[in-house]
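Please open the structure in your viewer and keep the sequence at hand. The tour proceeds by selections, each followed by a short account of what is to be found there.

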Amino acid sequence: SAMPLGTLDRTPPPFFRQGPSALSKLTVCSALALFLMVADARFGVTQPVRAIIADVLYPAQWLVLQPVNWTRSSAGYFQTLQSAQDSARQMQATLASQSQRANQVEQLTLENTRLRQLLDLRERISTSSQAAQVLYDAADPFSRKFIIDRGEMGGVVAGSPVIDGYGVLGQVTRVYGSVSEVTLITDADQAIPVLNTRTGVRGVAFGDLSVVGGGLELRFMPADTDVQVADLLATSGVDGVYPAGLPVARVDKIERRSESVFARISLSPLAQVRGTTHVMVLRPVTSQMEARPQQLVQPETVKKAKSK
């Protein structure tokens, strides 16, 4: 006899049961992921979990990366050897050129000293300096600044010029206990008086943030000014901050427009404004100069002024 259809068990055996539907799982997982993202962004609840997972996975990551590191080390050895040989040859050529310039500088320094003695002029101020290391770039994306490992405890004062082996990098703008903030000369808020070493014409170089990688612009120069591409600009020393003669930039591009009385002059900084690690911090010139004498006003002159 046939079994009635109503008595058949239509549920699948336990082995074939799949639980909730795929759509339900997707909804629950999406809601959980959204909740975790919001909680982590607002309250940082997953930060300890990430730290624990990172500590647990570090040995496995280190072990997996070892073959890659060995391969890179073996390949980089020969590249480093070749680059070291090339650098040595380049350094020898540079040393020979600098030795010749050093001999010329010694002769010029001696002539300068004798001329100053002859004219009874005071000697140039000797600038003291100290080495510093760049720790990291400042977090402000709209400015060009970095932090060095010297601060108030190291004798750094606000306004101190900062240079590297190629030229002026910038100026100390904030001083803390053990670190200081340096603003690069390519920052939009920086201006530095310069002098064209070929012609002796003075000007002011401003930071230009529109140039990728950092640039400068020589502003307010008349269109008929004698300036050429590759001219070297150095500090003029008239601001009382930067010592005179420090290399700053070279002229990169000149645009003389008929509708403007000023020329648009773009400059390339000589210092390594990107990627530098070691710098020198100089003392501001004004901190080493004698105090400006106050002009004495005669009492009679004051009385006449009051009577008027």
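The stops below lead from the whole chain to single residues.

**The whole chain.** Begin by selecting everything. This is a predicted model, and the mean pLDDT of the protein chain is 80, with 81% of its residues reaching 70 or more. The protein chain holds three helices and twelve strands. Of its 308 residues, 25% are buried. About 22300 Å² of the protein chain is exposed, and carbon and sulfur atoms supply 59% of that area. Among contacts between residues at least 6 apart in sequence, 56% join residues at least 24 apart.

**Helix H2.** Next, select residues 47-119, which form helix H2. Val 49 is found in this helix. Is Val 49 buried or partly exposed? Val 49 is partly exposed, because its relative accessible area is 46%, and the range for that class runs from 20% to 50%. Now add Ile 52, Ile 53, Val 56 and Leu 57 to the selection: together with Val 49 they make a nonpolar surface patch of about 450 Å².

**Strand S1 and its partners.** Move on to residues 129-137, strand S1. Which strands are joined to S1? Strand S12, residues 278-282, runs antiparallel to S1 and is joined to it by five bridges. Within this pairing, Ala 132 stands opposite Val 279 of S12. Strand S2, residues 145-148, is also antiparallel to S1, with three bridges between them. Here select Tyr 136, whose bridge partner in S2 is Ile 147.

**A low-confidence segment.** Finally, select residues 301-306, over which pLDDT stays under 50. For this segment, the model has one contact beyond four places in sequence.

Note on methods:
Residues are numbered from 1 along each chain as its sequence is written. This is a predicted model: local features need pLDDT of at least 70, side-chain atom pairs count only at pLDDT 80 or more; totals for chains, interfaces and linings use all residues. Side-chain values use heavy atoms; hydrogens and water are left out. Patches are made of residues with over 30% relative accessible area and no salt bridge: like charges are joined within 9 Å, nonpolar side chains (Val, Leu, Ile, Met, Phe, Trp, Tyr) within 5 Å. Accessible areas come from the Shrake-Rupley method with a 1.4 Å probe; for residues, only the protein chains shown count as cover. A salt bridge is a side-chain nitrogen of Lys or Arg within 4 Å of a carboxyl oxygen of Asp or Glu. Helices (H or I, at least four residues) and strands (E, at least two) are DSSP runs, numbered from the N terminus. Buried means under 20% relative accessible area, exposed over 50%, partly exposed in between (1.4 Å probe, protein chains only). pLDDT is the predictor's confidence in each residue, from 0 to 100. Contact means heavy atoms within 4.5 Å. Two strands pair if DSSP finds at least two bridges between them.
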